[in-house]
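Here are my notes after going through the model you sent. Have it open while you read, and follow the points in order.

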Amino acid sequence: MLTVRPVRISDLPVIEKMAVDSGIGVTSLPNNREKLYEKIQSSIGAFEHEAIAGTGREYYMFVLEDEGEVVGTASISASAGFEEPFYSYRSETMVHASRALKVNNRIHVLTMCHDLTGLVQLCGYFCAPKQQLRAYELLSRARLMYIAAARERFGRRILVEMQGILDGDDQSPFWNAIGRRFFNMDFAQVEQAFAQRSKTFIAELMPTYPIYVPLLPDEAQSAVGQIHPDFERPFNILTREGFEADDYIDIFDGGAVLTAEVDQLFSLREQRIHRVEVTPELPEGEVEMLISNHRSSEFAVTQARAALVDDVLFITPDTARVLALASGQQACVVPLLPEAGRKAA
């Protein structure tokens, strides 16, 4: 049975392996044992605080278990750029006109900004490639179910960065066209620096004036707002939740940035709290759904078959075991996502 739970110190070795397997694009999962240990410690502290007024530096890391084996990880940052600005490029249109020449041109430009600072951020996502789609969906959506369970800890808007296009040598055409000219570092080097050091170097070295997109090489222009093929599954899950591509792109590889209103996401809108009844035989009408124990430090969520009868949620002993639930306690449920191209009822 697939289960998502908060990370533990004992998960560090497998998280290290995931950091290596994830490559250079997931900067919030650095290939650095000390940094990963710090993130795990920070996460444990955030989960253990039962009451947090407002949002701040809290970082929540989760792992996906398949029959006890950790096969994925994903995180939430309560406030992107809490200690330092969260940089991105804002995609805009500038008008260049000459009445005398009767010329009126609309030019695509990118302007460095920190408009997204303070938003809730989904980050650190990695799922073993061998896992099926249901594992990807559970890992991604479990974070939103935690936000639902601890709504007071998180703000109104949320973002997630998608990894951008890389070439066959794992180089970013977008980075090579812009950032490399100011940093004298290749893409892998700057991603490593971003993951392990202060972000102030971005403001110190990146150009602050608008970047005129038509002046970039064709490969860089084509990469603006695009998504790496490896991120198509997470992208599809997020867009079905209600995330949309915004007018912002990643400052390094030009990948799309998705944003949403937290309370308008499918998992938040459709969540329901029910009293639990544990039974070996489910009543008629059982369906597959996501179920969480609606707790904080002992948070857990799984996908399982259950039946809802007269506002009571009937679950099997196996489901009760992985969620540490007993009859009479409460659970949160959300339906599976609607099929792509269909709107939720």
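1. Where is the kink in α3 centred? Go to Arg141: the helix bends there by about 30°. Keep in mind that this is a predicted model, so take the angle as a computed value for that prediction.

2. The rest of α3 is worth a look while you are there. The helix takes in residues 133-149, 17 residues in total. From its first C-alpha to its last it reaches 24 Å, close to the 24 Å expected at 1.5 Å a residue. α3 is also mostly covered, with 14 of its 17 residues buried.

3. Next, β1 (2-6). Is this strand enclosed or open? Five of its five residues are buried, so β1 is largely enclosed by the rest of the structure. "Buried" here means under 20% relative accessible area.

4. β1 has two pairings to trace. With β2 (residues 59-66) the pairing is antiparallel and runs over five bridges; within that pair, Thr3 has Glu65 as its bridge partner. With β13 the sense is again antiparallel, over two bridges, and here Val4 is matched with Val301.

5. That brings us to the second largest pocket, which has a volume of about 400 Å³. Its lining is made up of 22 residues, and those nearest the centre are Arg5, Arg8, Glu65, Ala300 and Val322. Glu65 is the residue we just met as the bridge partner of Thr3. Which elements each supply at least two residues of the lining? They are β1, α2 (33-48) and α11 (317-323).

6. If you want the chemistry of that pocket, the lining splits into ten nonpolar, four polar and eight charged residues. Arg5, Arg8 and Glu65, listed among the residues nearest the centre, are of the charged class.

7. Now for β15 (residues 330-335), which has a pairing with β11 (residues 272-278). These two strands run antiparallel and are joined by four bridges, with Arg275 standing opposite Gln330. β15 also pairs with β12, again in the antiparallel sense and over four bridges. In that second pairing, Met289 faces Pro335.

8. Two backbone angles deserve a check. Most residues other than glycine have a negative phi. Asp170, however, has a phi near 60°, and His294 has a positive phi of about 55° although it is not a glycine. Where do they sit? Asp170 is in the loop between β7 (157-161) and α4 (173-177), while His294 is in the loop between β12 (287-292) and β13 (301-309).

9. How exposed are those two? Asp170 has a relative accessible area of 44%, which makes it partly exposed. His294 comes out at 26% and is likewise partly exposed. The class in question runs from 20% to 50%, so both values belong in it.

10. Last, a buried position in a strand. Leu110 lies in β5 (residues 103-113), and its relative accessible area is 0%, so it counts as buried. For a sense of distance, Leu110 and His228 are 118 residues apart in sequence and 20 Å apart in space, C-alpha to C-alpha.

Conventions: Residues are numbered from 1 along each chain as its sequence is written. This is a predicted model: local features need pLDDT of at least 70, side-chain atom pairs count only at pLDDT 80 or more; totals for chains, interfaces and linings use all residues. Side-chain values use heavy atoms; hydrogens and water are left out. The expected span of a helix is 1.5 Å times one less than its number of residues. The bend at a residue is the angle between axes fitted to the seven residues ending there and the seven starting there. Buried means under 20% relative accessible area, exposed over 50%, partly exposed in between (1.4 Å probe, protein chains only). Two strands pair if DSSP finds at least two bridges between them. On a 1 Å grid over the protein atoms alone, a cavity is a set of points where a 1.4 Å probe fits but cannot get out, and a pocket is an open set with protein on both sides within 12 Å along at least five of seven lines; lining residues have an atom within 4 Å of a point. Grid points are joined across faces, edges and corners, and a volume is the space filled by probe spheres set on the points.
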